[in-house]
Amino acid sequence: MAVPLNALDAISGAFSRAGDLLFHPFRWSFWWRMAFIAVLTGEAGGGGNVFRIPAEILDKSGRAGDRFLAAAPPWAGLSIAAIAVLVLAGLVITLVFMYLACVFRFVLFDVVLTGRYRLREGFARWQHHGTRFFWWVLGYLAIMMFALGFCILLIVGSVSGVKSGSPIAILVLMFAALLALCFFLAGALVFVLTRDFVIPIMAMDGVSALDAWARLRPMITANLVDYLAYIGMKIVLAMAAAVAAGIASFIILLVLALPVGIIIGVLAAALHLTWNPLTIFLAVLAGLIFFLLIFFVMGLLGAPIGVFFQSYALLFFGRRYRPLELALYPEPPAPPPAPVAPPIMPPPAEPGPAPA
């Protein structure tokens, strides 16, 4: 087995592999599929603060926030049954997207490893593995919610004592806050390691997430410094990618949102449109189409990010996990055996003297 790549050496290889997949050759069919996968798996992030509108833009006098707080919430006129139906529908939609994200996480692994990028074929190929990963994600979220909920209960319970100046309550509050931070960091670390290293083991060995973790733990223990360096380098790379994606998202919003807003405003003023069921429906439809367009463009931006980070994980882990190494670096076929030389025939005997 060759020497594994360290966290720094894997970066250049990841850039090279991502460039080959994305640009050599350039394929629109590959890009739009990768945009879909990037949005679904959460690799097209980086623009979370772009949609935040400063309050002074809404109302320089500051009265917009007061009117918003004074207004009745949108669910005030709904019955309990309607609210329950909306909550249930939101939960079902969330679970469906979580399930698709789990399956397409394996599809992303397959695309970067083999170059196969057909969505329906990939979904059929990895649905079983994605389902097993989905159940693991549900268990992971349940544990995280329980742990953070326990910390929140400690914090809420100590608030009254902190207000009265109780030193025990202050210590409990500090302990609960520190415990919540530890739970959050540990949960984030577990999820990153699962996404980057457990999924390849699940895909190559056909095992569950728990069995894959049982195989990963000895690898991490034996090379703890290497994996810590990988996590640190990935944090740096993720921050750089988030900044780049945020700047690109802001530019795209300016390029797309301003012309669309101006056109809609001019049409509304020219046609003297007023709010009625038809115009409300058209506005909702236009907004839905616009946001779908925005998410698709964000996906196109996130495609290189998703391919790079998946390549980075595979190249770092490839030499440390033999089945993945054989898939990344297939051994050349053995040379054909040399032809067998024909047997050496003895020279013909010299004729002797004639008998007397």
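Helices, here, are DSSP runs of H or I at least four residues long, and strands are runs of E with at least two. By that rule, the protein chain of this predicted model has eleven helices and zero strands. From the N terminus on, the order of elements is α-α-α-α-α-α-α-α-α-α-α. The chain counts 356 residues, and 32% of them are buried. Take the contacts between residues at least 6 apart in sequence: 78% of these join residues at least 24 apart.

Start close to the N terminus. Helix H1 covers 9-23, and a loop links H1 to H2. Pro-25 sits in that loop. The peptide bond leading from His-24 into Pro-25 is cis, and its omega is near 0°. For comparison, most peptide bonds are trans.

Next, the interior. The largest nonpolar core holds 67 residues. Within this core, Leu-216 and Phe-317 have the most contacts. Helix H5, residues 80-114, is the top contributor, giving twelve residues. What does Leu-216 touch beyond its neighbours within four places in sequence? Its partners are Leu-193, Phe-197, Val-198, Ile-201 and Phe-317. Phe-317 thus appears both as a contact of Leu-216 and beside Leu-216 among the residues with the most contacts in the core.

Now follow helix H6, which spans residues 119-163. Three of its residues are worth a stop. Ala-124 lies in H6. Is Ala-124 buried or exposed? Its relative accessibility is 57%, so Ala-124 counts as exposed. The cut-off for exposed is over 50%. Ala-124 is 17 residues from Val-107 in sequence, and their C-alpha atoms are 9.7 Å apart.

Further along H6 comes His-129. Its relative accessibility is 13%, so His-129 counts as buried. The limit for buried is under 20%. Setting aside neighbours within four places in sequence, His-129 contacts Phe-106, Met-202, Ala-203 and Gly-206.

Ser-158 is also in H6. Ser-158 is buried because its relative accessible area is 4%, with under 20% as the limit. Where does the side chain of Ser-158 reach? It comes to the backbone oxygen of Leu-154, at 3.1 Å. Outside the neighbours within four places in sequence, Ser-158 is in contact with Ala-169, Val-172 and Leu-173.

Helix H7 runs over 167-205. Ile-199 belongs to H7. With a relative accessible area of 1%, Ile-199 is buried. Its contacts, not counting residues up to four places away in sequence, are Arg-105, Phe-106, Phe-109, Phe-133 and Thr-194. Arg-105 is 94 residues from Ile-199 along the chain, yet their C-alpha atoms are separated by 8.2 Å. Phe-106 is a partner of Ile-199 and also of His-129.

Turn to the empty space. Rolling a probe the size of a water molecule over the atoms shows where such space is left. The largest pocket holds about 850 Å³. Its lining has 32 residues. Which of them lie nearest the centre of the pocket? They are Gly-42, Glu-43, Phe-191, Val-192 and Arg-195. At least two lining residues come from each of H2 (28-41), H5, H6, H7, H9 (224-271) and H10 (277-318). By type, the lining divides into 23 nonpolar, five polar and four charged residues.

Cavities are a separate matter. How many of 30 Å³ or more are found in the whole structure? The search finds two. The largest cavity has about 60 Å³ of space. Its lining consists of Glu-43, Arg-105, Leu-108, Arg-195, Asp-196, Lys-234, Phe-309, Gln-310 and Ala-313. H5, H7 and H10 are the elements that give two or more residues to this lining. H10 has the largest share, with three residues. The lining residues divide into three nonpolar, one polar and five charged.

Some residues link these views. Glu-43 and Arg-195 line the largest cavity, and both are listed among the residues nearest the centre of the largest pocket. Arg-105 is another lining residue of the cavity, and Arg-105 also touches buried Ile-199 in H7.

Terms used. Residues numbered from 1 in each chain as written. Predicted model: local features only at pLDDT ≥ 70, side-chain atom pairs only at ≥ 80, totals over all residues. Heavy atoms only, no water. Buried < 20%, exposed > 50% of the residue type's maximum accessible area, 1.4 Å probe, protein only. Contact = heavy atoms within 4.5 Å. Core = buried A, V, L, I, M, F, W, Y, C linked by side-chain atoms within 4.5 Å. Polar contact = N/O pair within 3.5 Å; in protein donor to acceptor, adjacent residues only side chain to side chain. 1 Å grid on protein atoms, 1.4 Å probe; cavity = no way out; pocket = protein on both sides within 12 Å on 5 of 7 lines; lining within 4 Å. Points joined across faces, edges and corners; volume = space filled by probe spheres on them. Nonpolar A, V, L, I, M, F, W, Y, C, P; charged D, E, K, R; others polar.
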